[in-house]
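Hi,

Here is the structure I said I'd pass on to you. Have a look at it first, and then read my notes below.

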Amino acid sequence: MTGAATAAEDDQAVITGLGVVSPSGLGAERHWEATLTGRIAIGPITRFDPSGYPVRLSGEVPGFVPRDHLPGRLLPQTDRLTQLALTAAEWAITDAGLSPSPEESLRYGVVLANSAGGFEFGENELRKLWSMGPKKVSAYQSYAWFYAVNTGQISIRHGLRGPCGVLISGQAGGLDAIGQACRVLRKGADGVLTGGFEAPVCSWGVTAMSAGRDAPTAPQLSAGDDPAGAYRPFAADASGHVIAEGGAILVLERERHARARGARHRYGRVAGYAATMDPPPGSSRPATLRNAAALALADAGLAPERIDVVFADAAGSAMRDRVEAEVLAGLFGAGGVPVTAPKAMTGRMSAGGAAVDVATCLLAMRDGMIPPTAEVRPDPSYGLDLVTGRPRPARIDHALILARGEGGFNSALVLAACPRVTPAAAEPRDTRTPHALPGTDPRS
């Protein structure tokens, strides 16, 4: 092995910890078990009375009691969004066995995705404003609603003082946050907590996410009331998606640092990433999802035939599903690669959805099982090898994950399996001055 090859491997971005909070369960393993069994985690909305609203179903996180996971002082300061994210971050850090010293904490950052902020907190404070007056509005409203609040709260709670940021690109955000986290690592950080979360299941959130859905290119919400059939991506009678809450946090580290600190495991590595923007509605130019996928493969140095599974965006509407199916057929040939969309069992978690797809894919790599897309009958005209009904055993060395956010965002991420190795003895740490870490401008 050459010195150059060793240096390149040392700088690879590896995932050493996972924390998942989703409608399918609390924790990565519960989520994975429910996903493999094909359990539908979509159900009637219970967090508010949906009478008079255009949707009846959602994917809600079951059995989450904030005081069981967080100190009481944080509860009045935070929206459900942040409570879910803080819990997942704690689990991810514990899973990674991470405990940086005060000096090392300057080399650990937090880069997350979110689109809506603390919708429910903001709604409740506005209700107080109009019904009881301004003196009853919580001072915590000043930041609890903000889409960057998860990044700040996690950074403060765990003393992670390195580069931090937030990405806002809808369902694509989870992949974009991971791509940005990789940039932060390349600029000298040792590790980054990354991923995404969303918690829009409240009357204000549903109102906002229901607006502007008449445009033919906009993501469609399902008005169905059957949890098993409301969200059927790639089906001939697909009628939209279901809103959901949740997300995932991943610990991303440079391989060199993970090895030096004796990291317990490596779920996989980020091999490639790319993002594109679609032209504006009404343009004669085509959508650019294929460009994002091709660029991510090129970034990974892989030909399409090296991909063992695709985790699809799976919008659940005829026009957007066909665009994605044509992209996959164009890259891999008709039925040329197994495709799955486990989110059909949970609903779409917006900024948290792609992060959960990444966590699910890493667990699929670990166990050699492609999870199913519930009981969806794919439209044969799409030409997809859609994994449905039950898991499919497979060796997964490389996987492609696709995500699209409302407004034209397209993102693609390539994951590669890591060999299972016994952690080596600790190596000398990087002793550069932490304060010298460069900034994290994604344009640089």
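Before anything else, a word on strand pairing: two strands pair if DSSP finds at least two bridges between them. Please also keep in mind that this is a predicted model.

With that in hand, start at strand E1, residues 13–22, where 10 of the 10 residues are buried. E1 has several partners. It runs antiparallel to E9, with three bridges joining the two, and in that pairing Ala13 sits opposite Val270 of E9. E1 also pairs with strand E8 (residues 246–254), again in the antiparallel sense, over eight bridges. Here Ala13 turns up again, standing opposite Arg254 of E8. Then there is strand E2, residues 25–26, which is antiparallel to E1 and joined to it by two bridges. In this pairing Val21 faces Leu26 of E2. E1 and E2 make a hairpin, with two residues between them.

Ala13 and Val270 are worth remembering for the next stop, the second largest pocket. The space in this pocket comes to about 430 Å³. It has 18 lining residues, and those closest to the centre are Asp11, Ala13, Cys182, Arg186 and Val270. So which elements supply at least two residues of the lining? They are helix H7 (173–186) and strand E9 (268–277). E9 gives the most, with seven residues. Sorted by class, the lining of this pocket has nine nonpolar, six charged and three polar residues.

Now for the closed spaces. How many cavities of 30 Å³ or more are there? The count comes to two.

The largest cavity holds about 100 Å³ of space. It is lined by 17 residues, and nearest its centre lie His31, Pro342, Lys343, Thr346 and Val356. Helix H2 (28–36) and helix H12 (353–367) are the elements that give two or more residues to this lining, and H12 gives the most, with four. By class, the lining of the largest cavity has eight polar, five nonpolar and four charged residues.

The second largest cavity has about 40 Å³ of space. Its lining is made up of Leu328, Phe332, Gly333, Gly335, Gly336, Val337, Val339, Gly383, Leu384 and Asp385. That works out by class as five nonpolar, four polar and one charged.

Last, take a look at helix H4, which covers residues 119–132 and has 14 residues. From its first C-alpha to its last it reaches 20 Å, close to the 20 Å expected at 1.5 Å a residue. Which residues of H4 are buried? They are Phe119, Glu120, Phe121, Gly122, Glu123 and Glu125. What do these buried residues pack against? Their neighbours are helix H3 (80–96), helix H5 (141–144) and helix H8 (203–210). Right after H4 comes Gly133, which has a positive phi, near 100 degrees.

If you want a route through the model, I'd begin with Ala13, since you can go from its place opposite Val270 to the second largest pocket, where both are among the residues closest to the centre. After that, try the two cavities and finish at H4, with Gly133 following it.

Cheers

Definitions and conventions: Residues are numbered from 1 along each chain as its sequence is written. This is a predicted model: local features need pLDDT of at least 70, side-chain atom pairs count only at pLDDT 80 or more; totals for chains, interfaces and linings use all residues. Side-chain values use heavy atoms; hydrogens and water are left out. The expected span of a helix is 1.5 Å times one less than its number of residues. Buried means under 20% relative accessible area, exposed over 50%, partly exposed in between (1.4 Å probe, protein chains only). Contact means heavy atoms within 4.5 Å. On a 1 Å grid over the protein atoms alone, a cavity is a set of points where a 1.4 Å probe fits but cannot get out, and a pocket is an open set with protein on both sides within 12 Å along at least five of seven lines; lining residues have an atom within 4 Å of a point. Grid points are joined across faces, edges and corners, and a volume is the space filled by probe spheres set on the points. Ala, Val, Leu, Ile, Met, Phe, Trp, Tyr, Cys and Pro count as nonpolar, Asp, Glu, Lys and Arg as charged, and the others, Gly among them, as polar.
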